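User: I'm new to this one and would like a close look at a single part, the enclosed spaces inside it. Could you start there and then walk me outward to whatever else is worth seeing?

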Amino acid sequence: MDVSGLVVAPGFIDAHTHSDTACIDASEHRLDSSQAFASVLQGVTMEIAGNCGVSAFPGTYSGLAALSHAHNVSGRSNHLASLVGHGTLRAFVVGHEARPATAMEVARMADALDEALESGAVGLSTGLIYTPGSYADAAEITALATVAARHGKPYVTHLRDEMSGVENALEEAIAIGRDSGAALHVSHHKTAGKYAWGRTEVTLARLAQLRESGMDVTCDVYPYTAGSTKLSAMLPPWAHDGGQARLLERLRDPGQRDALRKAIAEGVPGWENTVGNGGWDRIVVAGAPRHAAYQGHTIAALADASGADAVDLVAELLLSEDGDVTIISHSMREDDVRRVLAAPFAMIGSDGVPTQGRPHPRWAGTFARVLGHYTREAGLFDLPEAIRKMTGATATRFGLAERGILRDGAHADLVVFDPARVADRATFAEPLTPPEGVRLVVVGGTVAVRDGVLTAARAGRVVAV
């Protein structure tokens, strides 16, 4: 192929996704194909799933081999590797109760984790703002991270607080890494909410200091000032005690709604209170299948339009959607995002959440945005450094041998793009619009994307490490 004037790079490796079953869901008509394949269209040839404490196994699938079989049946256009989610392990062994795990339960979680890592999972993840993972103390997580360390695989964490308590949450993660011996990787590092803006100056300096002292610590980041998660995550941990069915019961109770209003207004010790750190005017409904008209509007605006209290509107929305509503939270500041992007130990992860409705544009735009806006236009780093953050650095972090490099004998996962034109086109209004300037994507030696168009090739595999 004549690629004169274009850049040939290793295929991009997305360090952080929630796409564990997206291709399976699309093949079974639970998700639009445009959602399942948005990633590969921007040059991503490998996705790291199982993040934030949530993985497809054990539970939905018995293990990595079962997940691999399901993907082989449905067909993938790019590769997938997976972490083991602590929240999934805890739900599998302990359930959704707000209580400490017993020593026997921790041992059972450790055994399940050991088996999954031995089978090829790439590490352990936690999501310590999400239940049931948030019910665990540092000792429980350290015991599990020790298993990861024994396999030479990292402890990957969504910190217990990324807002006003971010520095203490980071110290907890550092202690877990040190005490367990596992390499530490901080997921989608940010300092969100008005009380934490600017504090990346402190957190990044701390991570740099640790690296200089010899600790193996890295992070990933997405190039946007908004995040995305479940609407139910805006409620305090006690509301989730017992699982989703108990949450919905509480939402039906007027007294419990009053308690929720008080918790959000006053805070709860140890809880990252997103709304309290920002406000309902920063929370936008992204996915609510039975309320499509709500999508793209803030909770505050919807409450004002209906004359309802915001908590009551949220409760009714969650009840009518069986608890499954995604949101976008506009909670960060641009200088913080740039600071993390520029850190030499930061790699690129979309934190993409394939879901119906209006998902965050990061799932379709992250890598093209880094190349176009932050590299070519803003000059935050040069092109080789941008490529390293998207390829070799991530491959090294997750033990992906012979990936993230251009070399004879390495895996033939490649992307060819026009450096003068590559740009993201996904927006919050049109979040799945493919990028421009991506000419060719090769997965396993097979052309997966040609001139921005997905081919019929399905050479992607679930990769064991």
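Analyst: The second largest cavity has a volume of about 60 Å³, and since you're new here, keep in mind that this is a predicted model. Which residues line this second largest cavity? From the early part of the chain you get Pro10, Gly11, Ile13, Thr45 and Met46, and from much further along come Glu402, Arg403, Gly404, Ile405, His411 and Asp413. Sorted by class, that lining has four nonpolar, four polar and three charged residues.

One of those lining residues, Ile13, leads us to Thr394, because Ile13 is among the residues that Thr394 touches. Thr394 sits in helix H17, which covers residues 392-397. Is Thr394 buried or exposed? It's buried, with a relative accessible area of 0%. Its other contacts, leaving aside residues up to four places away in sequence, are Ala15, Met347 and Lys389.

Now for the other space: the count comes to two cavities of 30 Å³ or more, and the largest has a volume of about 80 Å³. Its lining is made up of His188, His189, Lys190, Thr191, Thr200, Val221, Tyr222, Met332, Asp336, Val337 and Val340. Which element gives the most to that lining? That's helix H14, residues 334-342, with three residues. By class, the lining of the largest cavity has five nonpolar, four polar and two charged residues.

Moving away from the cavities, helix H5 is a good next stop. It runs over residues 103-118, so to speak end to end in 16 residues, and reaches 22 Å from its first C-alpha to its last, close to the 22 Å expected at 1.5 Å a residue. Its buried residues are Glu105, Val106, Met109, Ala110, Ala112, Leu113, Ala116 and Leu117. Why do they end up on the same side of H5? Because they cover an arc of only 165 degrees around the axis. Turn to the other side of H5 and you'll find Ala103, Met104, Asp111, Glu115 and Glu118, which are exposed. As for what covers the buried residues, the list includes strand S5 (84-85), helix H4 (86-93), strand S6 (124-127) and helix H6 (138-150). Just after H5, there's a little detail in the backbone: Gly120 takes a positive phi of about 120 degrees.

Two of the elements that cover H5, S6 and H6, have a loop between them, and that's the place of Pro132. The peptide bond from Thr131 to Pro132 is cis, with omega near 5 degrees. There's another cis peptide bond joining Phe57 and Pro58, where omega is about -5 degrees. Pro58 lies in the loop between strand S3 (44-49) and helix H3 (64-74).

Thr131 also shows up as a neighbour of His240, as the two touch. His240 lies in the loop between strand S10 (226-230) and helix H9 (244-252). Although it's in a loop, His240 is buried, with a relative accessible area of 11%. Besides Thr131, its contacts are His96, Tyr135, Ser232, Leu235, Leu247 and Arg250, not counting residues up to four places away in sequence.

Back to backbone angles for a moment. Asp322 has a phi near 55 degrees, a positive value in a residue other than glycine. You'll find Asp322 in the loop between helix H13 (310-320) and strand S12 (326-330). How accessible is Asp322? At 41% relative accessibility, it counts as partly exposed. Asp451 also has a positive phi without being glycine, in this case near 50 degrees. The place of Asp451 is the loop between strand S16 (446-450) and S17, and at 51% relative accessibility, Asp451 counts as exposed. The cut-off matters here, because exposed means over 50%.

Last stop: Arg461, in the segment after strand S17 (453-454). At 43% relative accessibility, Arg461 counts as partly exposed. Which residues does Arg461 touch? Its contacts are Asn72, Asn78, His79 and Leu80, again leaving out residues up to four places away in sequence. And here's a nice thing to look for in the viewer: Arg461 and Ser19 are 442 residues apart in sequence and 14 Å apart in space, C-alpha to C-alpha.

Conventions. Residues are numbered from 1 along each chain as its sequence is written. This is a predicted model: local features need pLDDT of at least 70, side-chain atom pairs count only at pLDDT 80 or more; totals for chains, interfaces and linings use all residues. Side-chain values use heavy atoms; hydrogens and water are left out. Helices (H or I, at least four residues) and strands (E, at least two) are DSSP runs, numbered from the N terminus. The expected span of a helix is 1.5 Å times one less than its number of residues. Buried means under 20% relative accessible area, exposed over 50%, partly exposed in between (1.4 Å probe, protein chains only). The arc is that of the directions from the helix axis to the C-beta atoms. Contact means heavy atoms within 4.5 Å. On a 1 Å grid over the protein atoms alone, a cavity is a set of points where a 1.4 Å probe fits but cannot get out, and a pocket is an open set with protein on both sides within 12 Å along at least five of seven lines; lining residues have an atom within 4 Å of a point. Grid points are joined across faces, edges and corners, and a volume is the space filled by probe spheres set on the points. Ala, Val, Leu, Ile, Met, Phe, Trp, Tyr, Cys and Pro count as nonpolar, Asp, Glu, Lys and Arg as charged, and the others, Gly among them, as polar.
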